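Let's look at a protein model together and ask how the words used to describe it are earned. Take a moment with the picture before reading on.

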Amino acid sequence: MADQVLTVTCPARRGIVAAISGMLAANGCNITDSAQYDDQENDRFFTRVSFRSEEGKSAAELREAFEPIAGEFDMQWQLHETNEKMKVLLMVSNFGHCLNDLLYRWQIGALPIDIVGVISNHMTYQKVVVNHDIPFHYIKVTKDNKPEAEAKMLQIVEDTGTELVVLARYMQILSDDLSQKMSGRIINIHHSFLPSFKGANPYKQAYQRGVKLIGATAHYVTADLDEGPIIEQDIIRVTHAQSPEDYVSLGRDVEAQVLARAIHAHIHHRAFVNGNKTVVFPSSSGGYASERMG
């Protein structure tokens, strides 16, 4: 039987870990990895437990066994089989560095997901996507047709069974309604110059101000533009000798890496929304690229 992952968040109190481990032991399961965090500020408890059933108990049987504990501790919980690949829908506009990076990682098995399609408001990357045998959906978005366009997007989400939407430099602002419907299931990536350098050419603005660090932020999408709970961030240093073009090139590299790490955390059920923040448990193997694939 495949390894399984149990994720739990609930009000913090005594006995949670004992109850979980006791239930698993009583049902013939061996814990292979465990991480936990007690947020004392918000009195919330978070845990991710990987385990293996040594007596052949099915996921349905384990869910039934866990129900009484979940009710006792008022838990929000999920049980996942690790060999199940999450269905992911990518969205892109005219900047393809994140899309191309994700397609490569997916192709070599470094990002174990099921890409169910790519949505774009431009035709720029149609050939690239189709050449990977992935459905490409062109949905033009204007001020006048935005509700209809988003309805088409949601229909694709429903038809494909999409579990996660990734905005791989999709340059259209999603409506509050769509953001709420997909809460916790949309990840966005952008440069970390906000709010200092807004609008067009942020890297040129940063160059003109002589910044020494270029960064990227991946976060869950909320109704507050670019202010959702942060999953992953990184930076790279720059110097006065580098050009605006260098800034753009380095920035794209950081964006691609940060987005891939954020997706990896999400699909392995290591990221938990905690109000305006996240709890992200690191891979026990010490690096996302080496985490066991499926």
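Q: How many helices and strands does the protein chain have?
A: In this predicted model, the protein chain has eight helices and 13 strands.

Q: What makes the protein chain as compact as a globular protein of that length?
A: Its radius of gyration is 21 Å, and the globule rule gives 19 Å for 294 residues; the two values are close, so the chain counts as compact in that sense. For a feel of its extent, the C-alpha trace spans about 60 × 40 × 35 Å along the principal axes.

Q: How much of the protein chain counts as buried?
A: Of its 294 residues, 46% do.

Q: Why does Ser-179 count as buried?
A: Buried means under 20% relative accessible area. Ser-179 has 3% relative accessibility, so it counts as buried. You will find Ser-179 in helix α6, residues 176–181. Leaving aside residues up to four places away in sequence, Ser-179 touches Leu-174, Val-221, Thr-222 and Ala-223.

Q: Why is α3 called oblique to α8?
A: Start with the angle: the axes of helix α3 (residues 97–108) and helix α8 (residues 244–267) cross at roughly 50 degrees, coming within 9 Å. Under 35 degrees would count as roughly parallel, and 65 to 115 as roughly perpendicular. The angle fits neither range, so α3 is oblique to α8. The crossing of these two helices is right-handed.

Q: Which residues make the contact between α3 and α8?
A: From α3 come His-97, Cys-98, Asp-101, Leu-102 and Arg-105, while α8 supplies Arg-252, Glu-255, Ala-256, Gln-257, Leu-259, Ala-260 and Ile-263. Sorted by class, the contact of α3 with α8 holds six nonpolar, two polar and four charged residues.

Q: What makes α7 oblique to α8?
A: The axes of helix α7 (residues 202–209) and α8 come within 9 Å and cross at roughly 120 degrees. Roughly perpendicular covers 65 to 115 degrees, and roughly antiparallel needs over 145. The angle lies in neither range, so α7 is oblique to α8. Here, too, α7 passes α8 in a right-handed crossing.

Q: Which residues make the contact of α7 with α8?
A: On α7 they are Tyr-203, Ala-206 and Tyr-207; on α8 they are Pro-244, Tyr-247, Val-248, Gly-251, Arg-252 and Glu-255. By class, the contact of α7 with α8 has six nonpolar, one polar and two charged residues.

How values were computed
Residues are numbered from 1 along each chain as its sequence is written. This is a predicted model: local features need pLDDT of at least 70, side-chain atom pairs count only at pLDDT 80 or more; totals for chains, interfaces and linings use all residues. Side-chain values use heavy atoms; hydrogens and water are left out. Axes are lines fitted to C-alpha atoms, for helices over the stretch in contact, and angles run from 0 to 180 degrees between N-to-C directions. Helices (H or I, at least four residues) and strands (E, at least two) are DSSP runs, numbered from the N terminus. A crossing is left-handed if the near helix is turned anticlockwise from the far one by less than a right angle, and right-handed if clockwise. Contact means heavy atoms within 4.5 Å. Ala, Val, Leu, Ile, Met, Phe, Trp, Tyr, Cys and Pro count as nonpolar, Asp, Glu, Lys and Arg as charged, and the others, Gly among them, as polar. The radius of gyration is taken over C-alpha atoms; the globule rule is 2.2 Å times the number of residues to the power 0.38. Buried means under 20% relative accessible area, exposed over 50%, partly exposed in between (1.4 Å probe, protein chains only).
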